[in-house]
Amino acid sequence: MKLYCSSDPHSRIVRIFAAEKGLGLPLQVIVNGSGETRRGPHLERNSFGQVPVLETDEGAFFAESTVICEYLEELNPARPLIGATPAERAECRMWVRRIDLNICVPIHYGFRWTRSASLEFPAVEPAPAAAAAMRATALSNLAWLDQQIAGQAFVCGDRFTLADIVLLVFVERGIATGQIVEGDMPALARWLDEVRSREALQQMPDLASGQQQLSGTV
């Protein structure tokens, strides 16, 4: 098995998920902005020209970060990060969907539609008003989530799940791009400290942002 990935948020979701499960997932790292994902042979792996993509031992290719995580969970049910029962899995999937639509998407476009984001590959036309609306939406929904998780350890109560991983990656993306002020919401601030201190996250190497193609493991 091999994960084709970059330093993008969705690749990071899969890498954290695999690390939490203790999987030594081999990586083939593609440099952001290199254009490699938009050319063959990567287009043969994913016709959308995106990462992450998981290549299975049977030679199949799966894209979309949460789909890859679901696949890894089914293969490795120990240390469940989605759920051990139908009810647990439904709860986790519900929160992943809510976080994705209401927080991840606005944070993504809140950055992508700014002038600085026009330097990303592929280029987009800046849309400052739309970007500001997306940032406001993300902050409003984070304020709602702050109330929802007050008094509990994680998004799904006392269970650390894929929902926490997705939220972590995009909250950090929002902080890095100046959309979120770290520590502004008390429950989220406490949750962020807790999640960042997890052993798997502490030991997971950062990917180079940069200038060369790399390989390794999660």
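1. A word on classes before the cavity talk: Ala, Val, Leu, Ile, Met, Phe, Trp, Tyr, Cys and Pro count as nonpolar, Asp, Glu, Lys and Arg as charged, and the others, Gly among them, as polar. With that in hand, the lining of the largest cavity sorts into 10 nonpolar, 1 polar and 2 charged residues.

2. Some ground rules. This is a predicted model, where local features need pLDDT of at least 70 and side-chain atom pairs count only at pLDDT 80 or more, while totals for chains, interfaces and linings use all residues. Residues are numbered from 1 along each chain as its sequence is written, and side-chain values use heavy atoms, with hydrogens and water left out.

3. Back to the cavities. A cavity here is a set of points, on a 1 Å grid over the protein atoms alone, where a 1.4 Å probe fits but cannot get out; lining residues have an atom within 4 Å of a point. Grid points are joined across faces, edges and corners, and a volume is the space filled by probe spheres set on the points. The whole structure has 2 cavities of 30 Å³ or more, and the largest holds about 120 Å³. Its lining counts 13 residues, with V171, I180, G183, L188 and A189 the closest to the centre.

4. Which helix gives the most to that lining? It is α7, with 4 residues. Both α6 (162–176) and α7 (186–196) supply at least two residues each. Helices (H or I, at least four residues) and strands (E, at least two) are DSSP runs numbered from the N terminus.

5. On the fold as a whole, you have 8 helices and 5 strands, arranged along the sequence as β-α-β-α-β-β-α-α-α-α-α-α-β. Among contacts (heavy atoms within 4.5 Å) between residues at least 6 apart in sequence, 67% join residues at least 24 apart.

6. Size next. The radius of gyration, taken over C-alpha atoms, is compared with a globule rule of 2.2 Å times the number of residues to the power 0.38. For 218 residues a compact globule would come out near 17 Å, and the chain has 17 Å, so the two agree. The C-alpha atoms fill a box of roughly 45 × 45 × 30 Å along the principal axes.

7. How much of the chain is buried? The figure is 44% of the 218 residues, where buried means under 20% relative accessible area, exposed over 50%, and partly exposed in between (1.4 Å probe, protein chains only). The accessible surface comes to about 10,900 Å², and 51% of that belongs to carbon and sulfur atoms; areas come from the Shrake-Rupley method with a 1.4 Å probe, and for residues only the protein chains shown count as cover.

8. Now the backbone oddities. Most residues other than glycine have a negative phi, and most peptide bonds are trans. The bond from G40 to P41 is cis, with omega near 10 degrees, and P41 sits in the loop between β2 (26–29) and α2 (42–45). The bond from V51 to P52 is cis too, with omega near 5 degrees; P52 is in the loop between α2 and β3 (53–55).

9. Two non-glycine residues to look at: E64 has a positive phi of about 75 degrees, and R79 has one of about 55 degrees. E64 is in the loop between β4 (61–63) and α3 (65–75) and is partly exposed at 42%. R79 lies in the loop between α3 and α4 and, at 53% relative accessibility, counts as exposed.

Notes
1 Å grid on protein atoms, 1.4 Å probe; cavity = no way out; pocket = protein on both sides within 12 Å on 5 of 7 lines; lining within 4 Å.
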